[in-house]
Each structure stands twice: as C-alpha cells, then as structure tokens.
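Dear colleague,

Here is the structure I promised to pass on, with my notes on it underneath. Please have it open beside the text as you read.

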Amino acid sequence: VDSIMRGPDLVGSAPSAVTDGSGTASITITSTIAGTYSIDATIAAVPVDGSPKSVTFGPGAADASTSSWVVTPPGPITADGVAAYTATATARDAFSNPVPGAMVTFTVPAQVTASAPSCTASITGMCSVTFTSTTAGSYTATAGIGANLIAPNMTLVYVAGAASAGTSTIVAVPTSIPANGVAASTITVQLVDAQGNPLTASGGLVVMSASVGTISLTTDNGDG
C-alpha cells in the first residue's frame, strides 16, 4: 500500500507498507505545522476506497520563548488618561504555531492603567490590551504566558499635556515688601497640565499684569 501525503512538513514513518496477515497496513504521520492535511492510500496506483482521509494537527501549548508582543505607537503619548498604548501579543507553541485560547498576562506599575490584566488569544493567536496613565513618567510593562515572560520588556513613556490655567499656580516671594522702588518680589508661575503634571518645557506665553508697581522682563525657565 502506497501513501501520498499532501501538506507542508508532513513526515511519514514510511512511504509504503506491506499488509499483515489480517490485511492491515499502517504507517505513522507527524508534523510540526498545525493544519488539516490529506492522506491518500493507493494499491498499484489505484486509490483505496475512502481515500483520501483528512488528518488535523493542532498547536501545542503556548510557549513564551517563541511568542511575541509589540506596543504601539512608539510614544511618547500624553498622560491624560485618554491617549493609549496598544499592546498586541501573539501566542505561539514551541514550533511557532499560533495558539488560540492561550492566556497572556500583563503587568504595569500602579501609575499605569491596563484595560485588562490579561487577554485570550483569538484564532490567529493574537490578543490586545491598552495602557493609559494620568501621571507623566517612564514605566516598564511586561507580558507573560504562565510564569514565563515574553521578551522583551517594554517602556511606556507618558508626558504632560497642554498647560491648564485651572491647575497651574502662581507664587510671590516675598509677599510683603517696602514700597521703596528697590525691594522686589519674585513672581513665579508654574504651568501644569489638567492632570497636575508639570510641563518639562516652555508652556508658551504667560502674561503678567499688576495693579501697582513695575513688572520686570519675564524669564522663561524652560521647565514650565
């Protein structure tokens, strides 16, 4: 009995087999590529009744070492609780076959909010979560399958948004001075965004006015 295997990476124990005393001929078939494949059996080039037969190979258990993940956009993004990074993981087995139903878990520090602590892979082996924050800074995120991490760790960078008059502050030092035309009070405006994050660069034009006295030239410290 001859066998014809239709599919990538199909390996048969033999291309043909001789029937035993009961008229049975057997071979074994293996593959490292998940999928459904056809197996034909012929005798003297004539197909055996019922041939071909389909054999389905499924993926093995998800393996962190062959799985992967990406985070988009490249960043930085605004720390406003709305702008988000999307983390997309692809779960694969030891032979890089996608693994539907695999669970991928994510860890982020307290300053970052994940849309979910984990996701379950679809038929393509992929799943996604999002990360937002209202606290500017640089944070490390990890993804894993079981107790094993998927390389590499990712860095999430959030920056302050536009200056907000409602949350920015103004301070006078000192608040009481002699009216002698010489003594001066230093007025400092600290610009922060709507979430209270200090701006790390110039926040734009700040207009100062006074009911009495003279205002000197304004100095931009370049840090908000």
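A disulfide is taken here to be a pair of cysteine sulfur atoms within 2.5 Å, and by this rule the count comes to one disulfide. Please keep in mind throughout that the model is predicted.

The disulfide is formed by Cys-119 and Cys-127, whose sulfur atoms lie 2.1 Å apart. The torsion about the S-S bond of Cys-119 and Cys-127 is about 55°, so this disulfide is right-handed. As for its surroundings, Cys-119 has 8% relative accessibility and therefore counts as buried, and Cys-127, with a relative accessibility of 8%, counts as buried too, the cut-off for buried being under 20% relative accessible area.

Turning to the chain as a whole, there are 17 strands and zero helices. Of its 224 residues, 24% count as buried, and the accessible surface comes to about 13200 Å², of which 59% belongs to carbon and sulfur atoms. Among the contacts between residues at least 6 apart in sequence, 49% join residues that are at least 24 apart.

In soluble globular proteins, nonpolar side chains tend to be buried together. In this model the largest nonpolar core has 27 residues, and those with the most contacts inside this core are Trp-69, Val-104, Phe-106, Phe-131, Leu-156 and Tyr-158. The elements that give two or more residues to the core are β7 (68–72), β9 (85–90), β10 (103–107), β13 (126–133), β14 (137–145) and β15 (148–159). Trp-69 may be a useful residue to look at on your screen: leaving aside its neighbours within four places in sequence, Trp-69 is in contact with a list of residues that includes Ala-87, Ala-89, Phe-106, Phe-131, Ala-141, Ile-150, Pro-152 and Met-154.

There is also a sheet to describe. Four strands form an open sheet in the order β7-β9-β13-β11, with antiparallel pairing. Strands β7 and β11 (112–114) stand at the edges and have a single partner strand each, so one side of each is left without a neighbour in the sheet. From one strand to the next, the twist averages 25°. At the β11 end, three bridges join β11 to β13, the two running antiparallel, and Ala-114 stands opposite Phe-131 in β13. Phe-131 thus links the topics above, being among the residues with the most contacts inside the core and one of the contacts of Trp-69.

With best wishes

How values were computed: Residues are numbered from 1 along each chain as its sequence is written. This is a predicted model: local features need pLDDT of at least 70, side-chain atom pairs count only at pLDDT 80 or more; totals for chains, interfaces and linings use all residues. Side-chain values use heavy atoms; hydrogens and water are left out. Buried means under 20% relative accessible area, exposed over 50%, partly exposed in between (1.4 Å probe, protein chains only). Contact means heavy atoms within 4.5 Å. Accessible areas come from the Shrake-Rupley method with a 1.4 Å probe; for residues, only the protein chains shown count as cover. A nonpolar core is a set of buried Ala, Val, Leu, Ile, Met, Phe, Trp, Tyr and Cys residues joined through side-chain atoms within 4.5 Å. Two strands pair if DSSP finds at least two bridges between them. Axes are lines fitted to C-alpha atoms, for helices over the stretch in contact, and angles run from 0 to 180 degrees between N-to-C directions.
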